[in-house]
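Student: I would like to learn how to read the features of a structural model, taking them in turn. Could you take me through an example?

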Amino acid sequence: MPAAISYRPRRLSRVTDRVMRLALWGLALAFIAVLAVFVGAILKQGWPVLNLGFLTRMPETLDAGGGIKPEIFNSLYLVALSLAISLPIGLGAGIYMAEYAGQGRILRFLRLCIETLAATPSIVLALFGMIVFVQMMGWSFSIRSGAVTLALLNIPVITRVTEVSLLAVPRELKEASYGLGATRLQTILKVALPYAATGILTGLVLTAGRAFGESAILVFTAGTNTSQTFPDFRLTVPGETLSVHLWYVTSDGTLPDAREIAAGTAAVMIVVLLVLNLSVRFLDRFIRRRTR
Amino acid sequence: MPDASDTLLDAPPCASDPTRESPVVESLPKEPAFRHSRLQRLADRWSHLLFLTCGLLVVALIGGILYFLAARGAGAFLPLAGNTDKVLTLKEVFLSADWDPNSGKFGILPFIAGSLSVTGLALLLAAPTGILTGVFIAKLAPGWMKTLMRQVMDLLVGIPSVVYGIFGLMVVLPWVSGKWLSDSPAAGFAVSAAILAVMIVPTIVSLSTDAFESLPLALEEGSQALGSTRWQAIWHVLIPAARPRLLTATVLGLGRAIGEAMAIQMVIGNNPQWIALMRGATDQTPVLRFLFTPAATLTTELVQELPNTAAGSTWNNLLFAMGLLLYLMTMGIILATRRLGRQRNA
Amino acid sequence: MLSPQTPETKPVKLSVRNMDFRYGEKKVLDGLSLDIHAERVTAIIGPSGCGKSTFLKCFNRIHEVSSAVKVSGDMQIDGVDIYRGGIDEVDLRRRVGMVFQKPNPFPKSIYENVAFGPRLFGVKDRATLDGIVEDALRKSALWDEVKDRLKESATGMSGGQQQRLCIARALAVNPEVLLMDEPCSALDPIATAKIEELIGELKENLTIVIVTHNMQQAARVSDYTAFFWLGKLIEMDLTERIFTTPRERMTEDYLTGRFG
């Protein structure tokens, strides 16, 4: 009988284990460092520019010292309008997929379509918006062209988050509602949607953040100019947003202080997004505490 | 036939005899206390259609995008009404690297090659680091680190592309050119791909974290029970087991990367003649030339030239055809992930 | 409790003839025929997977909500076929209430849970709603325990209280039949006793059908007992007779624990 082989832990594998685990920690810390450097650099570059005057002055076209007042307004206005358009459609499509489409081909096809739309590059949506709204409908570069095209970006996200939140509603709750004689619509509106509302709301805030940062779509639909009156609620005027402004001043290059303005605008956007991110986190915690 | 009311003493009250008639009951017509109004019933019936319409709108939208891009793009190849400019053949567009619109040369290979180069490089950076970070979050990180990493990724994904672009323009480009290129410009594939990698890494990290977390614990336990180290379990068991989903994660990252426009446009240098320039610069090593020659991609050319070309011109129409090409590529990517998903389930 | 010596005086409320139930290709219930009398408690017993819950759900067509199923044969309430075209399943579910295996209160206040049903049917008047809620909570023997905290969340109640709240919620829309699908399976013995006591009181003006896997519970609460096995009705009779002198050998084997 051969002597039993003795298996002893190999030194090499133990060293590899330790090295690789350290390397993974290093990798993760590197990503944190990238984010820190990123946010730090943007804020540092933008800080000297950021003051009340910058936030409340109108932009200049040729001279230094312009502000970003109308761009802030346009950003918020366009996000709000695009959400107002996409929310009903996204909710409706999400409700259809979760509650009516069943499990068969229709659902699979709809899912594929939502996924495709969600993956569509925003520059492609921009081309579509440019052909249909700017040119064919004759709306030219305007708030309305921008809002409608931007809504196309939001719809798949809202649809998905609605579907997922509705599917997470416990079956027992829906059954209880049907058991009391509720119609399907009543069950959806009074039991399922309230239960899913917090999840949908979180998704909405994230969608708003994405729309706020979007630029490719708006360059070609809402334009790179802004109305000279403030605040201008008209839908037919061009509406340059913060992100478009940031891109335009750096690529156009007629402003002597383009660099400072871009840095200040970027800092404002980063601050807004940090605030949005924190609010999502609070919302999430609040939801968890409430539903236990 | 037994009567329902006096059968109790001997026969069972509820016969399983199918031939027995259902007992007739004179039930008093009760006035129902609760009834749905007509309106409520109508709403229930018609709401279905309303929701369906929303769903169909999404389907129509995809068809609409395809149709309008194709209709405009076709103008570059067909003598359509109102099209007075030059008409091109497919061959001189898709199989030519000669781009000089002012002398009527419209070969878009430089843009296709540019898109593939920059996304390829970005994936080369983002896929391994993203997957390894995924394994770290799922298997090694303590609770607080998991939370922290998730938040870091949430923030990275939330940063707008123009802000990435401005960071590249104001921070990365000067730094790279000062540090490594003795102050010659750093625009080109390297910096674009690095920035693009940071933009798509959250997608890959979050999907691969999910992939590793959904693996049965038994796999890891089985491996470690044989005396393998943690890393050996990860390398030899977990990563192979999660491979189909990791591939899906990478392909979705690719989809995000190929469509990105603004950030790259701000740092890549926008030079459609990059191939010639790269060949011409003989003073540097080929690798450096590839990495740091100002170049262009499908998306950057769209951003750059769409506002500068006249509607109806060959150039302008061709830009829409390039958009269509981009859209078809992302559709192909989505279908590929579907295929991968099906393999996984089989 | 009904005994073999007293004649049945109540009319038949639910009547089933030759009923089959298919789930896809699979036949889950096979050729059932039975009658259920008004204002009596009928228990359905049998081993798990014998189709008793499925059978219960056929009475208010709630299975149609989640899956494609096929019911053939005859199921009548007050002599009217409930699967006939033109029958409104929503109204049917109002008349035939249901209490589920696991307490499933809505994540709302106690008051809102009970008021949910009446509100569905357009009852808006506050005083009317208050009256309905109090009445339903009294009937489910919950009023004294919760009258001071009607605004509190229902999810904070104990399991037994939650289940009685679900009964109150069902009673608030004034059903004629109450289906109970193993209502005590998630509850402790004390809570179970309370529910059983409640069932005895509720049958005064309600037809109750209860599915249970607990034979003692069937013996304690029901007037009639039906024994199901593999989707077939083996035997149905007065509870007293089923538990003392069953006619079928299979029933006896099941009750004495020889299988199942």
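Tutor: We will go through sheets, a helix, a buried residue and a chain contact, keeping in mind that this is a predicted model.

Student: Let us begin with the sheets; how should strand pairing be read, and what is the order of the strands in the open sheet of chain C?

Tutor: Strands of a sheet pair through backbone hydrogen bonds, and the pairing is either parallel or antiparallel. In chain C, an open sheet of four strands is ordered β2-β1-β4-β5, with antiparallel pairing. The edges are held by β2 (26–37) and β5 (80–81) of chain C, each of which has a single partner strand, so one side of each is left without a neighbour in the sheet. At one of these edges, β5(C) is joined by two bridges to strand β4 (residues 69–77) of chain C, the two running antiparallel, and there C:Q76 stands opposite C:D81.

Student: Which strands are joined to β3(C) by bridges and run parallel to it?

Tutor: Strand β3(C) is joined by four bridges to strand β8 (residues 207–211) of chain C, in parallel, and by four bridges to strand β9 (residues 224–229) of chain C, also in parallel. To fix the register, one can look at facing residues: C:T42 stands opposite C:V209 in β8(C), while C:I44 stands opposite C:A226 in β9(C).

Student: Are the faces of β3(C) covered or open?

Tutor: Both faces are covered, with C:V41, C:A43 and C:I45 buried on one side and C:T42 and C:I44 buried on the other. Taken over the whole of strand β3 (residues 41–45) of chain C, five of its five residues are buried.

Student: Turning to helices, what span does α3(A) reach, and where does it bend?

Tutor: A helix can be read by setting its end-to-end span beside the expected one. With 32 residues, α3(A) reaches 46 Å from its first C-alpha to its last, close to the 46 Å expected at 1.5 Å a residue. The same helix nevertheless bends by about 30° at A:S86, and a proline, A:P88, follows within four residues. Just after α3(A), A:G102 takes a positive phi of about 70°. As for annotation, an unreviewed UniProt entry lists several spans of chain A under "transmembrane region", including residues 76–97 and 146–170. In the model, residues 76–97 of chain A are 100% helix and 0% strand, with end C-alpha atoms 30 Å apart, whereas residues 146–170 of chain A are 88% helix and 0% strand, with end C-alpha atoms 39 Å apart.

Student: Why is A:A147 called buried?

Tutor: Burial is read here from a count of neighbours, and 20 or more other C-beta atoms within 10 Å is the cut-off. A:A147 is buried because 26 other C-beta atoms lie within 10 Å. This residue is found in helix α6 of chain A, and beyond its neighbours within four places in sequence it is in contact with A:L78, A:L81, A:S82 and A:I85. The C-alpha atoms of A:A147 and A:V79, although 68 residues apart along the chain, are separated by 7.4 Å.

Student: Finally, how many residues of chain A are in contact with chain B, and which element gives the largest share?

Tutor: The size of an interface is often given as the accessible area lost when the parts come together. Counted by residues instead, 65 residues of chain A are in contact with 67 residues of chain B. On the chain A side, the largest share, 17 residues, comes from α1(A), and the residues of that side divide into 44 nonpolar, 16 polar and five charged.

Notes: Residues are numbered from 1 along each chain as its sequence is written. Chains are lettered from A and ligands numbered from 1 in the order in which they are written. This is a predicted model: local features need pLDDT of at least 70, side-chain atom pairs count only at pLDDT 80 or more; totals for chains, interfaces and linings use all residues. A residue is buried if 20 or more other C-beta atoms lie within 10 Å of its own, exposed if 12 or fewer, and partly exposed in between; C-beta atoms are placed from the backbone. Two strands pair if DSSP finds at least two bridges between them. Two residues are in contact if their C-beta atoms, placed from the backbone, lie within 7 Å. Ala, Val, Leu, Ile, Met, Phe, Trp, Tyr, Cys and Pro count as nonpolar, Asp, Glu, Lys and Arg as charged, and the others, Gly among them, as polar. The expected span of a helix is 1.5 Å times one less than its number of residues. The bend at a residue is the angle between axes fitted to the seven residues ending there and the seven starting there. UniProt positions are given in the numbering used here, feature names are shortened, and annotations may be inferred rather than shown by experiment.
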